[in-house]
Amino acid sequence: RTMVTVCAGVLRRGALKTIYNAERRGKRQVMIRPSSKVVVKFLQVMQKHGYIGEFEIVDDRRAGKIVIELNGRINKCGVISPRFDIKLNDIEQWTSNVLPSRQFGHLVLTTSYGIMDHEEARRKSTGGKILGFFY
């Protein structure tokens with residue numbers, strides 16, 4: 001297991017960097033701490049698309065930990081900071097700038113409808129602030 005510290009309540013580069021590093025080393029699971037709602041929602045988007053397996057939130061009566069099962073599908077994941085505002089029309093430009101191909105990869109946005117990937121945001125015809133990406 002690999003560990004990282006993340007500022008509570010904020011998606012930090014360290015959380016996704018730890019997942020990426022563990023994935024590159026061929027680890028089967030990784031532990032992130034402390035947990036936050038934003039990190040959990042980001043992981044749920046990754047899980048929905050099959051990039052990670054199950055994850056478990058461990059309540060240690062402090063900031064919490066998340067144990068994530070890795071399945072070897074992540075090539076890269078990262079945080080985009082600062083959280084730039086993205087209009088609906090700008091999503092296409094951001095995907096071509098950040099992702100390697102139009103066929104795969106996802107941008108994660110925080111919108112007024114919650115945290116979702118760019119395809120779902122396009123379906124709901126909403127923009128938002130960009131959190132990060134994975135492919």
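At 34% relative accessibility, glutamate 92 falls in the partly exposed class, and this residue is a handy place to enter the structure, which is a predicted model. Glutamate 92 lies in helix α3 and arginine 122 in helix α4, so their pairing ties together parts of the chain that are 30 residues apart in sequence. The link itself is a salt bridge, with the closest N and O atoms 3.3 Å apart. Arginine 122 comes out as partly exposed too, because its relative accessibility is 37%.

Glutamate 92 also has a salt bridge to arginine 102, and here the closest N and O atoms are 3.6 Å apart. This one is a shorter hop along the chain: helix α3 covers residues 91–98 and arginine 102 sits in the loop between α3 and β6 (106–111), so the parts being tied together are ten residues apart in sequence. Arginine 102 has a relative accessible area of 72%, so it counts as exposed.

Those two pairs belong to a set of five salt bridges. Another member of the set joins the side chains of lysine 48 and glutamate 120, at 3.0 Å from N to O. That pair bridges distant parts of the chain, with lysine 48 in helix α2 (residues 37–48), glutamate 120 in helix α4, and the two positions 72 residues apart. What about burial at the two ends of this bridge, buried or exposed? Lysine 48 is exposed, because its relative accessibility of 54% is over the 50% mark. Glutamate 120, by contrast, is buried, since its 17% is under 20%. Taking the charged pairs together, salt bridges with shared partners also gather Lys48, Glu120 and Lys124 into one network.

Helix α4 spans residues 118–123, and histidine 118 is part of it. With a relative accessibility of 5%, histidine 118 counts as buried, so it is on the covered side of the 20% cut-off. Which residues does histidine 118 touch, once neighbours within four places in sequence are set aside? The list runs to Ile91, Thr95, Leu99, Gly105, His106, Leu107 and Leu109.

Zooming out, the chain's secondary structure amounts to four helices and eight strands. Going along the sequence, these elements come in the order α-β-α-β-β-β-β-α-β-β-α-β. For the overall dimensions, the C-alpha atoms fit a box of roughly 40 × 30 × 20 Å along the principal axes. The radius of gyration is 14 Å, which agrees with the value near 14 Å that a compact globule of 135 residues would have.

Packing can be read from burial and contacts. Of the 135 residues, 44% are buried. Among contacts with a separation of 6 or more, 63% are between residues 24 or more positions apart.

The surface and the charges complete the picture. About 7500 Å² of the chain is exposed, and carbon and sulfur atoms supply 45% of that area. On the charge side, there are 24 positive and 12 negative side chains, and the centres of these two sets lie 6 Å apart.

Definitions and conventions
Residues are numbered from 1 along each chain as its sequence is written. This is a predicted model: local features need pLDDT of at least 70, side-chain atom pairs count only at pLDDT 80 or more; totals for chains, interfaces and linings use all residues. Side-chain values use heavy atoms; hydrogens and water are left out. The radius of gyration is taken over C-alpha atoms; the globule rule is 2.2 Å times the number of residues to the power 0.38. Buried means under 20% relative accessible area, exposed over 50%, partly exposed in between (1.4 Å probe, protein chains only). Contact means heavy atoms within 4.5 Å. Accessible areas come from the Shrake-Rupley method with a 1.4 Å probe; for residues, only the protein chains shown count as cover. Lys and Arg count as positive and Asp and Glu as negative; His and the chain ends are not counted. The place of a charge is taken as NZ of Lys, CZ of Arg, CG of Asp or CD of Glu. A salt bridge is a side-chain nitrogen of Lys or Arg within 4 Å of a carboxyl oxygen of Asp or Glu.
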